[in-house]
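This report describes the architecture of a two-chain assembly. It turns from one helix and its surroundings to the fold of a chain, a helix pair and the contact between chains.

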There are 2 protein chains.
Amino acid sequence: MIQQTRAELDLHALVEEFFATSFATDNPLITEAVRRMLAAGGKRLRPRITLLSAQSSGANPREHLQLAAYMELIHVATLIHDDVVDSAQTRRGVNATAVDFGNRVSVLAGDYLFAWIFKHVTWEYPPPVPHILSGTLAEICDGEVQQLRAHGNIGLELSEYLEIVQKKTASLFAASAQCGAIMGGARAQDVEALRDFGLYFGIAFQMHDDLLDMTEDSRVLGKPAGHDLAERKVSIPLILALKAGDSEFRTEVERFYSGPAGDAAQPVIAGIARCGGLSATREQTARYVNRAKVCLRSLENSAARDGLTELADCLLD
Amino acid sequence: MIQQTRAELDLHALVEEFFATSFATDNPLITEAVRRMLAAGGKRLRPRITLLSAQSSGANPREHLQLAAYMELIHVATLIHDDVVDSAQTRRGVNATAVDFGNRVSVLAGDYLFAWIFKHVTWEYPPPVPHILSGTLAEICDGEVQQLRAHGNIGLELSEYLEIVQKKTASLFAASAQCGAIMGGARAQDVEALRDFGLYFGIAFQMHDDLLDMTEDSRVLGKPAGHDLAERKVSIPLILALKAGDSEFRTEVERFYSGPAGDAAQPVIAGIARCGGLSATREQTARYVNRAKVCLRSLENSAARDGLTELADCLLD
């Protein structure tokens with residue numbers, strides 16, 4: 001799991017304090033649903049990246065808390081809908097919104113939150129920030145539809161996986177860095193560099209997340225382990241294991257994927273480990289962590305730049 | 001049903017042609033889902049109001065087709081999610097998106113469409129248009145959550161009903177008129193007048209829609225008749241009938257609302273008619289149609305203004 005790094009320990013606390021004291025929408029039921037989701041935890045990586053990106057060109061992070069909060073709220077709104085889409089029972093160790101509030105309220109609460117964010121962003125931020133954020137949400141949804149269509153397709157190529165991950169996960173990390181840099185007053189080439197950092201960080205983050213789904217226990221994950229396999233999502237450890245594995249392993253996976261939804265994923269995870277899927281995922285993750293760090297080289301030396309480097313290093317086991 | 005009026009017959013055709021030739025998103029599955037929804041029909045009232053509002057200050061409606069299309073697409077996106085929320089089987093006489101594509105794709109397709117619209121609007125239109133549209137979507141969702149919470153509450157007051165309707169339905173008609181007027185270059189007081197026209201028109205439209213749900217047959221509606229009652233939505237004919245009716249009628253309604261979901265709504269509709277709920281709804285509708293038309297008085301005389309008047313008159317039986 002990603003821990004808080006020294007350089008930005010107080011940024012995490014700042015974000016938490018901001019949510020605890022300053023977040024409310026005009027609809028009490030939706031405010032409650034979002035607050036519960038926020039109170040259940042989360043690493044606040046997107047807002048931390050926004051604040052560090054603003055800070056890296058000398059801005060005061062306290063002045064960009066609102067922008068950082070919108071990044072986390074876009075993420076929260078997508079999670080609320082994801083849990084409807086995935087029929088998830090738990091999220092971050094507590095009941096999913098859809099379990100406590102019902103699918104109907106969850107769909108509307110997510111919609112409302114998206115609209116509420118854009119209503120504020122279009123009022124409070126200059127171009128191109130509103131356009132970047134709405135374009136990012138379009139990418140996330142596009143990626144999720146592509147992911148849904150790829151469910152159960154064990155022939156998915158690594159390049160196809162990367163396209164999905166870039167859209168559904170990395171685009172929001174990229175936007176978090178980019179908007180933080182823009183509003184922090186960074187030079188154009190630094191905005192670009194931070195955006196690319198966010199993109200590569202986001203890809204590495206998703207790969208790491210795919211790995212944790214197979215290696216951590218449910219208590220740490222806050223959701224059932226092996227959930228991706230149970231959901232027939234094709235994740236990177238499986239893709240890499242299938243690439244390296246023998247026909248016996250492929251047959252085992254095919255049997256699992258065509259079998260009943262309730263089948264235990266453990267034997268498949270053991271097969272993935274045996275075929276080197278877990279270690280190959282660690283290698284791929286390290287590659288993208290490295291690419292992310294390379295993007296930071298052109299920035300001036302600062303505590304914020306170190307903070308971003310440390311965040312990326314946390315994705316390495 | 002609202003027919004095309006003479007003054008703006010070709011506007012309807014223009015909108016249809018625009019959708020047929022110019023609408024596509026970057027995601028083929030979502031484009032297909034939206035095109036099917038568009039092909040199933042619909043009166044295109046929101047875009048027609050946008051075009052007439054732009055035209056009323058001398059603008060060429062052909063130059064505002066894109067803006068008009070966004071108004072219809074916001075409506076389409078909310079319908080896609082409504083059908084998930086309501087578990088609807090049909091919409092405009094064809095299968096609901098959720099029936100053909102599944103709830104998962106429907107939730108994501110609606111999200112994508114919202115995001116796609118805002119991505120374009122934030123790029124193509126100056127302030128305050130993007131802010132008006134995102135604020136309107138927030139109002140629609142807020143109103144729908146309020147409506148969900150009011151389900152089955154037969155003590156709902158007319159004032160509470162009006163608040164819900166203003167948010168969930170009238171706000172988009174108001175925004176359609178307002179944005180058309182702004183982009184058409186109307187004077188500030190005319191923008192205001194057209195916005196108010198849209199608001200009152202929208203309230204009258206919802207009242208008329210509530211009435212049709214009890215008086216039209218399913219073939220004309222494109223959805224089951226008495227659907228609002230079956231869904232335990234409290235609609236205006238019921239509110240007005242309960243206000244005028246005796247305790248016997250109230251008991252009958254209470255029995256229906258606490259009974260199984262599949263019970264036929266016909267006896268309740270007959271009771272509403274007997275207690276004057278249908279005629280009182282016609283009176284209320286006429287009141288809001290009149291208020292809408294009063295708003296148009298301050299505008300200069302034009303064919304577009306006549307077109308708006310005719311649209312409002314179509315809501316009178």
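## Helix α11 and its surroundings

In this predicted model, the buried residues of α11(B) are covered by elements of chain B that include α7 (158–183), α8 (188–215), α12 (247–258), α13 (266–274) and α14 (277–296). Helix α11 itself covers residues 236–244 of chain B, and its buried residues are B:I236, B:P237, B:L238, B:I239, B:L240 and B:A241.

## The fold of chain A

Chain A comprises 15 helices and two strands. Its C-alpha trace extends over about 55 × 45 × 30 Å along the principal axes. A compact globule of 317 residues would have a radius of gyration near 20 Å, and the 19 Å found for chain A agrees with this. Of the 317 residues in chain A, 53% are buried. When contacts in chain A between residues at least 6 apart in sequence are considered, 73% of them join residues at least 24 apart.

## Packing of α7 and α8 in chain A

Two packed helices are described by the angle between their axes and the distance between the axes. For helix α7 (residues 158–183) and helix α8 (residues 188–215) of chain A, the angle is about 145° and the axes are 7 Å apart. The crossing of α7(A) past α8(A) is right-handed. Residues that make the contact include A:L162, A:V165, A:T169 and A:F173 of α7(A), together with A:L194, A:F197, A:F201 and A:F205 of α8(A). The composition of this contact is given in the table beside that of the side of chain B that touches chain A.

## The contact between chains

Chain B contributes 32 residues to the contact, and chain A contributes 32 residues. On the side of chain B that touches chain A, the elements giving two or more residues are α2 (28–39), α4 (65–85), α5 (97–124) and α6 (129–150) of chain B. Of these, α5(B) gives the most, with 13 residues.

| Residue set | Nonpolar | Polar | Charged |
|---|---|---|---|
| Contact of α7(A) with α8(A) | 15 residues | seven residues | two residues |
| Side of chain B that touches chain A | 19 residues | six residues | seven residues |

How are the two chains related? A turn of 180° with a shift of 0.0 Å along the axis lays chain B on chain A with an RMSD of 0.0 Å. That is the relation of a two-fold axis. The copies meet through the same surface, because 100% of the interface residues of chain B are also interface residues in chain A.

Terms used: Residues numbered from 1 in each chain as written. Chains lettered and ligands numbered in written order. Predicted model: local features only at pLDDT ≥ 70, side-chain atom pairs only at ≥ 80, totals over all residues. Least-squares fit on C-alpha atoms with pLDDT ≥ 70 in both. Contact = placed C-beta atoms within 7 Å. Helix = DSSP H or I, 4+ residues; strand = E, 2+ residues; numbered from the N terminus. Rg over C-alpha atoms; globule rule 2.2 N^0.38 Å. Buried ≥ 20, exposed ≤ 12 C-beta atoms within 10 Å, placed from the backbone. Nonpolar A, V, L, I, M, F, W, Y, C, P; charged D, E, K, R; others polar. Axes fitted to C-alpha atoms, helices over the stretch in contact; angles between N-to-C directions. Left-handed = near helix turned anticlockwise from the far one by under 90°.
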